[in-house]
Number of protein chains: 2
Amino acid sequence: MKIVGIEHIGIASDDLSKANKFWNLVLGINNTCTEDIDNQGVITDVYDTGNGKIEILLSKYPDSAIAKFIRKRGCGIHHFCLSVESIDEAINELKENNIEIIGNDYTYGAEGHKVIFVHPRSTGGVLLELAERISK
Amino acid sequence: MKIVGIEHIGIASDDLSKANKFWNLVLGINNTCTEDIDNQGVITDVYDTGNGKIEILLSKYPDSAIAKFIRKRGCGIHHFCLSVESIDEAINELKENNIEIIGNDYTYGAEGHKVIFVHPRSTGGVLLELAERISK
């Protein structure tokens with residue numbers, strides 16, 4: 001597969017306003033959008049460095065993946081995401097290599113990207129997202 | 001301060017060869033260098049996507065920060081690093097904003113960058129590194 005770069009780092013948070021103070025007011029990174037991604041149970045605040053984004057993830061429901069993560073490990077880095085040229089090609093190659101993916105096919109994530117998650121068991125403990133940007 | 005982009009994501013690992021199989025052989029990301037950073041007690045294997053790097057961190061000593069992290073939380077994402085234009089300016093602004101940094105001034109990290117770490121208490125649970133690239 002062709003990896004294009006680091007798309008974003010996903011951070012589990014319980015306070016978007018406090019996060020904004022640090023990432024925007026102290027570090028000066030632009031808060032480019034806020035999105036409600038209901039199929040993942042999160043609201044995400046996106047900070048764009050111009051070379052890779054930081055996504056602050058706030059849980060909408062007590063049983064969402066982010067809520068469970070925070071209960072178990074506290075707030076902090078939840079996953080990171082690499083851009084791929086083709087999500088179909090990536091999924092095929094992961095399956096050929098017996099890499100454990102979450103779900104059988106891609107879903108739609110932030111900004112309408114086609115995304116798949118790779119299980120930490122197959123990556124050395126990292127929850128890894130792969131995303132193909134949709135051409136606009 | 002001026003943030004330039006995501007420099008790298010640091011991953012605590014206990015097996016560089018297994019990491020290489022995933023990041024290089026399955027995902028196809030180039031393993032561009034291996035470095036022994038004794039002042040941080042780690043050997044780091046760098047995978048460069050072309051737009052942000054992945055640094056796999058192997059502890060050299062049982063009392064290193066990475067060894068302690070793995071004992072407490074297991075292998076996985078340990079920190080991430082943003083590039084800044086000026087580390088001196090960044091440190092001054094962090095201090096002015098009462099952000100908790102680790103140590104009082106920068107040290108030298110991988111590739112000879114000037115680096116400072118920001119404590120998770122000030123970032124919403126994220127161990128954040130800031131790095132200024134040394135011009136060659």
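**Figure 1. Superposition of the two chains in the predicted model.** Chain A can be laid on chain B by a turn of 180° and a shift of 0.0 Å along the axis, with an RMSD of 0.0 Å. The two copies are thus related as by a two-fold rotation axis. Of the interface residues of chain A, 100% are also interface residues in chain B, so the copies meet through the same surface.

**Figure 2. Helix α1 of chain B and the residues at its ends.** Helix α1 of chain B comprises residues 16-26. Within this helix, B:Leu16, B:Ala19, B:Phe22, B:Trp23 and B:Val26 are buried. At the start of α1(B), the backbone nitrogen of B:Ser17 has a side-chain oxygen of B:Asp15 within 3.2 Å. Just after α1(B), B:Gly28 adopts a positive phi of about 80°.

**Figure 3. Surroundings of A:Ile70 in helix α2 of chain A.** The helix that holds A:Ile70 spans residues 65-73. A:Ile70 has a relative accessibility of 21% and counts as partly exposed, because the class of buried residues is confined to values under 20%. Leaving aside residues up to four places away in sequence, A:Ile70 touches A:Ala12, A:Ser13, A:Asp14 and A:Cys75. A:Leu25 is separated from A:Ile70 by 45 residues in sequence and by 24 Å in space, C-alpha to C-alpha.

**Figure 4. The second largest pocket, with a volume of about 560 Å³.** The lining of this pocket consists of 27 residues. Nearest the centre of the pocket lie A:Asn51 and A:Gly52 from chain A, together with B:Ile6, B:Asn51 and B:Gly52 from chain B. At least two lining residues are supplied by each of the strands β1 (3-13), β5 (76-84) and β8 (128-132) of chain A, and likewise by each of β1 (3-13) and β5 (76-84) of chain B. By class, the lining of the second largest pocket divides into 10 charged, 10 polar and seven nonpolar residues.

**Figure 5. The largest cavity and its lining in chain B.** The count of cavities of 30 Å³ or more comes to one. The largest cavity holds about 30 Å³ of space. Which residues line the largest cavity? They are B:Glu7, B:His8, B:Glu55, B:Gly109, B:Ala110, B:Glu111, B:His113, B:Val115 and B:Glu129. The lining of the largest cavity comprises four charged, three polar and two nonpolar residues.

Key:
Residues are numbered from 1 along each chain as its sequence is written. Chains are lettered from A and ligands numbered from 1 in the order in which they are written. This is a predicted model: local features need pLDDT of at least 70, side-chain atom pairs count only at pLDDT 80 or more; totals for chains, interfaces and linings use all residues. Side-chain values use heavy atoms; hydrogens and water are left out. Buried means under 20% relative accessible area, exposed over 50%, partly exposed in between (1.4 Å probe, protein chains only). Helices (H or I, at least four residues) and strands (E, at least two) are DSSP runs, numbered from the N terminus. A polar contact is a pair of N or O atoms within 3.5 Å; within protein, one must be able to donate a hydrogen and the other to accept it, and residues adjacent in sequence count only if both atoms are side-chain atoms. Copies are superposed by least squares on the C-alpha atoms of residues with pLDDT of at least 70 in both. Contact means heavy atoms within 4.5 Å. On a 1 Å grid over the protein atoms alone, a cavity is a set of points where a 1.4 Å probe fits but cannot get out, and a pocket is an open set with protein on both sides within 12 Å along at least five of seven lines; lining residues have an atom within 4 Å of a point. Grid points are joined across faces, edges and corners, and a volume is the space filled by probe spheres set on the points. Ala, Val, Leu, Ile, Met, Phe, Trp, Tyr, Cys and Pro count as nonpolar, Asp, Glu, Lys and Arg as charged, and the others, Gly among them, as polar.
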